[in-house]
Amino acid sequence: MYDKLIAYEQVYDSRLLLGTARYESPTHLANSVRAAAPALLTVALRRQVQGSSVSGESFWSILRSLGRPLLPNTAGCNTAKDAVNIAMMAREVFATDLIKLEVIGDEINLQPDPFGLVEAAAELTKRGFKVFPYCTDDLVLCRRLLDVGCEVLMPWAAPIGTGQGPRNPEHSANFGSDCPMSPSSSTPVSVSRHTRAR
Amino acid sequence: MSIVVNGELYVVPSPTTIEGLLRLLRPERPFAAALNGEFVPAVEYEGRVLTEGDHVDVVHPSAGG
């Protein structure tokens with residue numbers, strides 16, 4: 001019924017990427033993930049909060065019980081250096097080379113920093129990461145990200161948390177042809193709110 | 001010796017390695033650590049000696065989008 005998602009040579013039956021934040025309870029989270037069966041489940045790293053059900057051992061137990069592939073992010077990073085550092089920590093904790101790269105340039109609307117993003121993506125690619133860059137839909141930025149080795153782009157459809165849905169659907173629909181070096185250019189454009197893959 | 005762990009000041013015996021600090025703190029698993037903003041692989045904990053004023057960050061899996 002739906003195309004498969006292919007990212008970094010990995011084929012996923014689902015084209016859905018699902019976050020793990022802001023559920024009413026751990027039970028809601030677990031039930032939602034089981035119902036959605038997403039290709040990837042995004043997670044973060046944080047300093048420990050005692051007694052928290054959304055971090056630490058209890059959260060880890062939930063993740064393990066769900067058995068979905070994980071996509072760690074670099075949330076909270078404002079520089080390329082910080083993002084690379086968090087990515088290294090994530091690889092050790094989650095035992096995956098996948099990383100959703102976030103380098104935030106504006107604290108109000110959480111717009112990605114395009115310059116830090118390219119810098120971090122280049123470094124992470126050299127270190128063997130498979131980078132999923134959370135970026136704006138600027139064509140030149142996206143080409144630069146592909147140039148430094150990204151095989152997936154995650155251009156925002158709308159600022160995080162606004163719930164607005166795609167603000168420029170025509171631009172999004174044309175993205176494959178506008179970005180000819182993109183692996184996605186020859187196949188239908190995807191997917192979830194922020195993700196584009198082939 | 002004073003060490004800052006996740007932004008909080010701790011007084012620990014000197015000399016202490018990251019391994020020694022983590023034995024004292026007993027963080028929930030899994031975790032990863034950084035020393036003064038630089039990731040330290042787990043295999044290096046035992047050999048990394050802390051000095052006065054070092055900043056150690058210990059992070060865990062957490063909900064995120």
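**A parallel sheet, an enclosed helix and a strand-mediated interface**

In this predicted model, chain A contains an open sheet of three strands, arranged in the order β6-β7-β8 and paired in parallel. Its edges are formed by β6 (98–101) and β8 (154–155) of chain A, each of which pairs on one side only. Between β7 (residues 130–135) and β8 of chain A, the parallel pairing rests on two bridges. Here C135(A) is found opposite P155(A), a residue of β8(A). The sheet also carries a helix: α4 (residues 114–126) of chain A packs on it and touches both β6 and β7 of chain A. The direction of α4(A) makes about 175° with that of β7(A).

A second helix of chain A, α3 (residues 80–94), offers a pleasant check on geometry. With 15 residues at 1.5 Å a residue, α3(A) should span 21 Å, and the 20 Å between its end C-alpha atoms agrees with this. As for its surroundings, 12 of the 15 residues of α3(A) are buried, so the helix is largely enclosed by the rest of the structure. Among these buried residues are A80(A), the run from A83(A) through V84(A), N85(A), I86(A), A87(A), M88(A), M89(A), A90(A) and R91(A), and also V93(A) and F94(A). Just after the helix, A95(A) adopts a positive phi of about 55°.

Turning to the partner chain, the predictor's confidence in chain B averages a pLDDT of 96, with 100% of the residues scoring at least 70. For the complex, the predictor gives an ipTM of 0.95 and a pTM of 0.90. The contact between the chains involves 22 residues of chain B and 24 residues of chain A. On the side of chain B that touches chain A, the elements giving two or more residues are β3 (32–35), β4 (38–40) and β5 (55–63) of chain B. Of these, β5(B) gives the most, with seven residues. In character, the residues on this side of chain B divide into 12 nonpolar, six polar and four charged.

Strand β5(B) also takes part in pairing across the two chains. Five bridges join it to strand β4 (residues 40–47) of chain A, and the two run antiparallel. One position illustrates this register nicely: the bridge partner of A44(A) is S62(B) in β5(B). Chain A thus shows both senses of strand pairing, parallel in the β6-β7-β8 sheet and antiparallel where β4(A) meets β5(B). Strands of a sheet pair through backbone hydrogen bonds, in either of these two senses.

Methods. Residues are numbered from 1 along each chain as its sequence is written. Chains are lettered from A and ligands numbered from 1 in the order in which they are written. This is a predicted model: local features need pLDDT of at least 70, side-chain atom pairs count only at pLDDT 80 or more; totals for chains, interfaces and linings use all residues. pLDDT is the predictor's confidence in each residue, from 0 to 100. Two strands pair if DSSP finds at least two bridges between them. Helices (H or I, at least four residues) and strands (E, at least two) are DSSP runs, numbered from the N terminus. Two residues are in contact if their C-beta atoms, placed from the backbone, lie within 7 Å. Axes are lines fitted to C-alpha atoms, for helices over the stretch in contact, and angles run from 0 to 180 degrees between N-to-C directions. Ala, Val, Leu, Ile, Met, Phe, Trp, Tyr, Cys and Pro count as nonpolar, Asp, Glu, Lys and Arg as charged, and the others, Gly among them, as polar. The expected span of a helix is 1.5 Å times one less than its number of residues. A residue is buried if 20 or more other C-beta atoms lie within 10 Å of its own, exposed if 12 or fewer, and partly exposed in between; C-beta atoms are placed from the backbone.
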